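Thanks for coming, everyone. I'll walk you through one chain today, from its overall layout down to single residues. Here it is on the screen.

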Amino acid sequence: MLEPEQTDIEAPATAGAPARDAANEPADTPASGSGTGSATKEQVLEALKAVVDPELGINIVDLGLVYEVTIDEGDVHVEYTLTTMGCPIGPLIEAQMQEAAAKVEGVSSLTPEMVLRPAWTPEMMSDDAKAALGFF
């Protein structure tokens with residue numbers, strides 16, 4: 001009987017650490033190292049859940065305010081909206097989006113674009129957000 005290898009335990013990535021051997025990793029796992037990994041849409045969306053609408057206290061992803069996330073070689077473009085057309089928190093939301101995306105491995109920049117169409121409606125919220133706001 002063969003003994004299991006202990007190579008599945010990874011040390012945290014540090015600056016200056018050698019790159020992993022991509023041939024020994026699953027295809028959907030980004031390589032480590034600043035800027036060398038490929039960020040995924042799911043990773044960016046998860047990071048954007050740290051951005052909370054200050055009036056409602058719910059993150060912008062669950063509120064349905066993030067319409068589209070596209071990634072091109074580490075450059076992330078996010079189309080988002082606000083709950084109302086005259087909402088003054090756009091700059092605050094964009095600054096928080098920048099901070100959140102900067103924490104995602106492989107993201108080199110984020111360009112937020114506020115759009116007003118389609119107009120946001122409460123139906124765009126996740127079930128968790130609807131429950132938190134009493135929409136059931």
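**A walk along the chain**

Read from start to end, the chain runs α-β-β-α-β-α. That makes 3 helices and 3 strands. Please keep in mind that this is a predicted model.

Some totals next. The chain has 136 residues, and 32% of them are buried. About 8900 Å² is exposed, with 54% of that supplied by carbon and sulfur atoms. Now take the contacts between residues at least 6 apart in sequence. Of these, 57% join residues at least 24 apart.

Let's go inside. How many residues does the largest nonpolar core have? It has 28. Leu48, Ile60, Val78, Ile93 and Met97 have the most contacts within it. Four elements each give two or more residues to this core: α1, spanning 41–48, β1, spanning 66–72, β2 and α2. The largest share is from α2, with 4 residues. As a general point, nonpolar side chains in soluble globular proteins tend to be buried together.

Stay with methionine 97 for a moment. What does methionine 97 touch, leaving out residues up to four places away in sequence? The list is Leu48, Val51, Ile60, Val78, Tyr80, Leu110 and Pro112. Three of those names, Leu48, Ile60 and Val78, you just heard among the residues with the most core contacts.

Next, helix α1. Its buried residues are Val44, Ala47 and Leu48. Looking down the axis of α1, they fall within an arc of 100°, so they line one face of the helix. What covers them? The cover includes β1, β2 and α2. Turn to the other side of α1, and you find Glu42 and Glu46 exposed.

Now the charged pairs. In general, side chains of opposite charge can pair when their charged atoms come close. The count here is 2 salt bridges. One joins glutamate 68 and lysine 41, with the closest N and O atoms 3.9 Å apart. Why does this pair tie together separate parts of the chain? Glutamate 68 sits in strand β1 and lysine 41 in helix α1, so the bridge links parts 27 residues apart in sequence. Both partners are partly exposed: glutamate 68 has a relative accessible area of 33%, and lysine 41 comes in at 36%.

The other bridge pairs glutamate 46 with lysine 49. Their closest N and O atoms are 3.7 Å apart. Lysine 49 is partly exposed, at 32% relative accessibility. Glutamate 46 we have met already, on the exposed side of α1.

Out to the surface. Which residues form a nonpolar patch there? They are Leu56, Leu133 and Phe135. Together they have about 250 Å² of accessible area. Phenylalanine 135 belongs to the segment after α3, which spans 127–132. Its relative accessibility is 48%, so phenylalanine 135 counts as partly exposed; the exposed class starts over 50%.

One last stop: methionine 85. Where is methionine 85? Look in the loop between β2, at 75–80, and α2, at 90–102. Buried or exposed, then, for methionine 85? Exposed, at 65% relative accessibility. Compare methionine 97, one of the core residues with the most contacts. Methionine 85 also has a partner far along the chain to look at. Leucine 116 is 31 residues away in sequence, yet the two C-alpha atoms are separated by 7.0 Å.

That's the tour. Questions, please.

Definitions and conventions. Residues are numbered from 1 along each chain as its sequence is written. This is a predicted model: local features need pLDDT of at least 70, side-chain atom pairs count only at pLDDT 80 or more; totals for chains, interfaces and linings use all residues. Side-chain values use heavy atoms; hydrogens and water are left out. Buried means under 20% relative accessible area, exposed over 50%, partly exposed in between (1.4 Å probe, protein chains only). A nonpolar core is a set of buried Ala, Val, Leu, Ile, Met, Phe, Trp, Tyr and Cys residues joined through side-chain atoms within 4.5 Å. Contact means heavy atoms within 4.5 Å. A salt bridge is a side-chain nitrogen of Lys or Arg within 4 Å of a carboxyl oxygen of Asp or Glu. Patches are made of residues with over 30% relative accessible area and no salt bridge: like charges are joined within 9 Å, nonpolar side chains (Val, Leu, Ile, Met, Phe, Trp, Tyr) within 5 Å. Accessible areas come from the Shrake-Rupley method with a 1.4 Å probe; for residues, only the protein chains shown count as cover. The arc is that of the directions from the helix axis to the C-beta atoms.
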